[in-house]
Amino acid sequence: MGKRQSRPWIVSDELWSLIEPLLPEPGPKQVEGRPRVPDRQALCGILFVLHTGIQWEYLPQELGFGSGMTCWRRLAAWNEAGVWDRLHAVLLTELRSKNRLDWSRAVIDSSHVRGPPAGAQKRPQPGRPGSKHHVITDGQGIPLAVSLTGGNRNDVTQLLPLLDKIPAVAGVVGRPRQRPDMLFTDRGYDRDKYRRLLRERGIRPAIAERGQPHGTGLGTFRWVVERTISWLHGFRRLRIRWERRDDIHEAFLGLAVCLITHRHVQRLC
């Protein structure tokens, strides 16, 4: 994905120009006499947590991010306002306008995210089986949609929800595009029911079959989603499910997807 900056939590002017118009208006001032932490600084704090995996209470105050609680609240509010979904759609539109989205095929897969070590949380939740990140990408590995489920959820249950979550992407003359021509999956999605449902949506299924020998050639297409999952887990906060609330972990996941998509946009510049 190219050379990374040494401090990836610093928000560039170009990225901020895309995010700022999407942010909701700030709520009423909560503490008299204390100035509100600027949104851009709070976003840098959120990115610091996402990249380093540090706990909110240990966010370095000397870097000017504001407190961990301030950044946490800002992340929750922005996620509730749909900022990351809208930013992702903007970035995909930019890629499509440059003819850089490969709609000829999409690829879907999932990865397991373990819960925190025993005793690592003040209020541990025994018995939680971790979580799963489900990802669908275009033929190049550009993320089109992601979802979060419990660790024991069957992968195939997320096939149609992920397809439905792909935004309608404009960027060229004509109707916005939302459906790939083909969908590649591994054996975990081997169900005749879903092959039929994909065909009904005009999508040709390419699903590996159980009991068949390896070497079908499908792996030459599926590796791109595995690389994208690797990019997601390059963000340390996504390697372990620390958040008790689903929406906060989903917010980190959505933000990471935007950052990965933005890197693809930067390659056009």
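This passage describes the fold, the core and two helix contacts of a predicted model.

The structure is a predicted model, in which local features need pLDDT of at least 70 and side-chain atom pairs count only at pLDDT 80 or more, while totals for chains, interfaces and linings use all residues. Residues are numbered from 1 along each chain as its sequence is written, and side-chain values use heavy atoms, with hydrogens and water left out.

The chain holds eight helices and five strands, taken as DSSP runs numbered from the N terminus (helices, H or I, at least four residues; strands, E, at least two). Along the sequence, these elements are arranged as α-α-α-α-β-β-β-α-β-α-β-α-α. Of the 269 residues, 49% are buried (buried means under 20% relative accessible area, exposed over 50%, partly exposed in between; 1.4 Å probe, protein chains only). Among contacts (heavy atoms within 4.5 Å) with a separation of 6 or more, 65% link residues 24 or more positions apart.

Turning to the interior, the largest nonpolar core comprises 76 residues; such a core is a set of buried Ala, Val, Leu, Ile, Met, Phe, Trp, Tyr and Cys residues joined through side-chain atoms within 4.5 Å. Helix H8 gives this core its largest share, eleven residues. Leu50, Trp84, Ile136, Leu163, Leu183 and Phe252 have the most contacts inside the core. For Ile136, the partners beyond its neighbours within four places in sequence include Val107, Ile108, Leu144, Leu163 and Leu183.

Helix H3 (residues 68-80) takes part in two helix contacts worth following. Its axis and that of H8 (residues 246-266) come within 9 Å and cross at roughly 80°, where axes are lines fitted to C-alpha atoms, for helices over the stretch in contact, and angles run from 0 to 180 degrees between N-to-C directions. H3 and H8 are therefore roughly perpendicular (65 to 115 degrees). Trp72, Leu75, Ala76 and Asn79 of H3 meet Asp247, Ile248, Glu250, Ala251 and Phe252 of H8. By class, these residues are six nonpolar, one polar and two charged (Ala, Val, Leu, Ile, Met, Phe, Trp, Tyr, Cys and Pro are nonpolar, Asp, Glu, Lys and Arg charged, and the others, Gly among them, polar).

Helix H2 (residues 39-52) packs on H3 at about 100°, with the axes 9 Å apart, so this pair is also roughly perpendicular. Asp39, Ala42, Leu43, Gly45 and Ile46 of H2 touch Cys71, Arg74, Leu75 and Trp78 of H3.

Finally, Asn99 has a positive phi of about 60° although it is not a glycine. Asn99 lies in the loop between helix H4 (83-97) and strand E1 (106-113) and is exposed, with a relative accessible area of 67%.

Terms used:
Angles under 35 degrees count as roughly parallel, over 145 as roughly antiparallel, 65 to 115 as roughly perpendicular and the rest as oblique.
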